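Welcome! Open your viewer, keep the selection box at hand, and follow along stop by stop.

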Amino acid sequence: MCGIVGYIGMHKAADFLVDGLSKLEYRGYDSAGIAVLDKGKIRLDKCVGRLENLKRKLGGNMPEGTVGIGHTRWATHGRPSDLNAHPHVAGKFAVVHNGIIENYLKLKEELLAKGHKFISETDTEVVAHLLEDKYEGDFEEAVKQVLRVIRGSYSLAFMCEDEPDMIICTKKDNPLVIGLGEGENFIASDIPAIINETRRTFIMSDGEIATVTPDGVWVQDVNGVPISKKVFIVNWNAEAAEKGGYDHFMLKEINEQPKAIRDTMTGRINAEDQTIHFPELNWTEEEMAEINKIFIVACGTAYHAGIVGKYYLEQLARIPVEVDIASEFRYRSPLVDGNSLTIVISQSGETSDTLAALREAKRLGARTLAVTNVVGSSIAREADQVVYTYAGPEIAVASTKAYITQLLAMLMLSIYIGRLSDTIDKKLARYLVSCLLELPKQVAQTLENTKLIEAQTAHYAQCNDVFFLGRSLDYAVALEGALKLKEISYIHAEAYAAGELKHGTLALIVEGVPVIIIATQEDIYDKTVSNLQEVKAREAEVLAIGFEGDTSLVNYADQVIYIPKTDRYLAPLLTVVPLQLFAYYAALARGCDVDKPRNLAKSVTVE
């Protein structure tokens with residue numbers, strides 16, 4: 001979710017680059033920089049921290065050149081620092097990059113052997129050196145050569161001292177927009193950066209290469225085949241542009257979940273042999289054998305991800321797991337020792353209670369692992385090891401894409417540990433990986449039902465109470481569904497294990513009370529349907545969520561939302577999507593501030 005800008009034309013490039021980057025600040029970042037062709041040489045200005053730091057560094061000494069590229073970085077490879085900030089330069093070339101280069105370590109080793117010198121910890125610097133290595137006087141051809149060897153997801157913009165009249169850019173899985181002007185053209189990773197300069201744009205597609213000059217834009221594929229692009233006239237205002245045309249950041253982030261899933265899997269799933277690897281962990285079978293208990297510690301939505309993670313780890317890795325609310329863990333004298341692994345989950349990596357729990361676990365001698373979304377955060381720095389979720393920054397207070405990537409990370413970890421410990425059959429592991437590879441497409445399919453879910457939500461939006469029911473993994477997701485609804489719509493919502501109905505909850509089920517029930521776990525499906533019938537017998541209004549092809553639910557529920565069929569372990573990553581949308585549309589119908597619910601903050605940094 002980094003920001004890219006580029007300018008070529010008749011005016012000072014730096015003016016647009018800095019202004020364009022300021023329009024992308026909402027995306028989140030930890031460093032900023034620009035590279036401008038000034039008097040025939042690349043001038044590089046970059047620094048860690050906010051864009052204001054870069055502005056102060058530039059001061060009254062702005063570069064004069066009319067060609068340049070800029071970047072705001074959200075750290076993935078390497079901590080936030082001046083050296084790791086973009087752009088990256090090698091020889092005559094400057095590069096900015098959003099995404100992940102999956103095979104950068106192998107490429108870096110090859111380049112080191114050829115004598116290339118690296119100064120950063122990033123995967124992006126490899127691209128700059130590759131371009132220098134491939135260049136034989138033809139800039140476009142060198143870019144094509146680079147694209148033939150890199151793997152991963154990316155949007156890239158390149159600049160060359162020998163070719164001062166062009167910028168070349170390309171993309172795969174990450175957005176890139178070209179803005180068309182008169183005697184000048186613009187490049188950006190999102191429309192807000194260019195909306196004040198031009199509304200004539202076109203969107204780059206995967207595999208396309210654009211050569212951008214002051215007078216025009218030439219688009220081709222990696223084989224040189226020309227591509228015709230349709231110009232799109234932007235009619236959004238600046239605020240809507242920041243949200244990508246969506247009404248709220250929460251809705252935008254819900255729709256970014258397929259990409260967030262792909263990014264979190266990149267470099268960890270080998271599609272060819274259907275295996276999972278965590279290069280950042282490199283655990284051995286002997287090390288895992290020493291772990292006799294796992295503690296998962298988190299708050300709020302991350303705590304709900306931890307509950308799902310408990311199911312995954314116990315069923316696939318066969319290790320006992322306790323899940324704790326972080327604010328409780330540190331005060332209950334947990335029985336943690338050197339044979340314990342404590343996994344802390346936090347979107348921001350700065351959650352105060354979770355950080356305190358991490359420190360307590362370390363004090364007691366436990367091994368620690370952080371699952372977080374923010375490189376260089378306090379939790380990431382203090383944990384023994386880190387698994388990053390590449391959801392990109394979330395702006396809305398209610399977590400959506402961070403939660404789904406936390407679930408994904410926990411499932412991949414469980415399969416990885418299960419194979420390492422030989423507690424999961426190889427055939428089952430491969431099957432689950434094959435299901436994971438289908439997941440981005442299935443989440444996208446689920447999002448195609450948005451209008452239907454909006455219509456179904458309207459019936460419940462003015463209710464005072466909503467109950468969520470499920471069993472096993474469905475219950476764990478029901479907890480998150482209830483939290484989403486209460487935190488942004490202010491409807492009183494509670495989640496219960498469906499088997500607990502007769503132990504108290506059934507007293508609250510009366511005529512017209514809304515009940516949302518999730519039914520995807522095949523081993524206890526009949527029992528869940530029996531619970532559904534129990535609440536219908538009390539004349540509750542039932543909305544059920546189940547797999548496509550399940551014809552039973554319509555016989556008992558008032559309404560049904562169907563999700564694509566997948567394995568039961570992956571069901572939580574699909575069932576949560578309609579629950580997020582249900583909460584969003586309920587809040588909208590009630591006139592609530594969806595992105596900034598009352599009394600809540602995005603990152604809780606006080607106890």
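How do strand β20 (residues 367–372) and β21 pair, and over how many bridges? Select both: β20 and β21 pair in the parallel sense, over four bridges. To see one of these matches, pick V371, whose bridge partner in β21 is V387.

Before moving on, a few words on how to read this tour. This is a predicted model, in which local features need pLDDT of at least 70 and side-chain atom pairs count only at pLDDT 80 or more, while totals for chains, interfaces and linings use all residues. Residues are numbered from 1 along each chain as its sequence is written, and side-chain values use heavy atoms, with hydrogens and water left out. Helices (H or I, at least four residues) and strands (E, at least two) are DSSP runs, numbered from the N terminus. Two strands pair if DSSP finds at least two bridges between them.

**Stop 1: the sheet around β17**

Now show the whole sheet: five strands in the order β18-β17-β19-β20-β21, open, with parallel pairing. At the edges you will find β18 and β21 (385–388), each pairing on one side only. From one strand to the next, the twist averages 20 degrees. Angles here run from 0 to 180 degrees between N-to-C directions, with axes fitted to C-alpha atoms, for helices over the stretch in contact.

Select β17 (residues 293–298) next. Five of its six residues are buried, where buried means under 20% relative accessible area, exposed over 50%, and partly exposed in between (1.4 Å probe, protein chains only). Five bridges join β17 to the parallel strand β19 (residues 340–346), and I294 stands opposite L341 there. Towards β18 (residues 321–325), which also runs parallel to β17, there are five bridges; look for I296 and its partner V323.

Trace the chain from β17 through helix α10 (residues 300–317) to β18: this β-α-β crossover is right-handed. That word applies if, with the strands pointing away from you, the path from the first strand over the helix to the second runs clockwise. Helix α10 lies across β17, β18 and β19, at about 175 degrees to β18. Then add helix α12 (residues 352–363), which touches β17, β19 and β20 and makes about 165 degrees with β19. Contact means heavy atoms within 4.5 Å.

**Stop 2: the sheet around β22**

Further along the chain, select β23-β22-β24-β25-β26, five strands that form an open sheet in that order with parallel pairing. Here β23 (492–497) and β26 (559–563) each have a single partner strand, so one side of each is left without a neighbour in the sheet. Zoom in on β22 (residues 465–470) and β24 (residues 514–519), which run parallel and are joined by three bridges; F468 stands opposite I516 in β24. Helix α18 (residues 525–537) packs on this sheet, touching β22, β24 and β25 (541–547), and its direction makes about 170 degrees with that of β24.

Pause at G512, in the loop between β23 and β24. Leaving aside neighbours within four places in sequence, G512 is in contact with E539, A540 and E541.

**Stop 3: two sides of a helix**

Which residues of helix α16 (residues 450–458) are buried? They are T450, I453, Q456 and T457. These four cover an arc of only 125 degrees around the axis, which puts them on the same side of α16; the arc is that of the directions from the helix axis to the C-beta atoms. Turn the view, and the face away from the buried side shows exposed K451, A455 and A458. The buried residues pack against α15 (426–447), β25, β26 and α19 (571–589).

**Stop 4: the core**

A nonpolar core is a set of buried Ala, Val, Leu, Ile, Met, Phe, Trp, Tyr and Cys residues joined through side-chain atoms within 4.5 Å. The largest has 96 residues, and I343, L436 and F468 have the most contacts inside it. Helix α19 gives the most to this core, with 13 residues.

**Last stop: backbone details**

Select H86 and P87, joined by a cis peptide bond with omega of about 0 degrees. P87 lies in the loop between β4 (67–73) and β5 (88–90). Finish at S472, in the loop between β22 and α17 (473–489), where phi is near 55 degrees, a positive value in a residue other than glycine. S472 is buried, with a relative accessible area of 17%.
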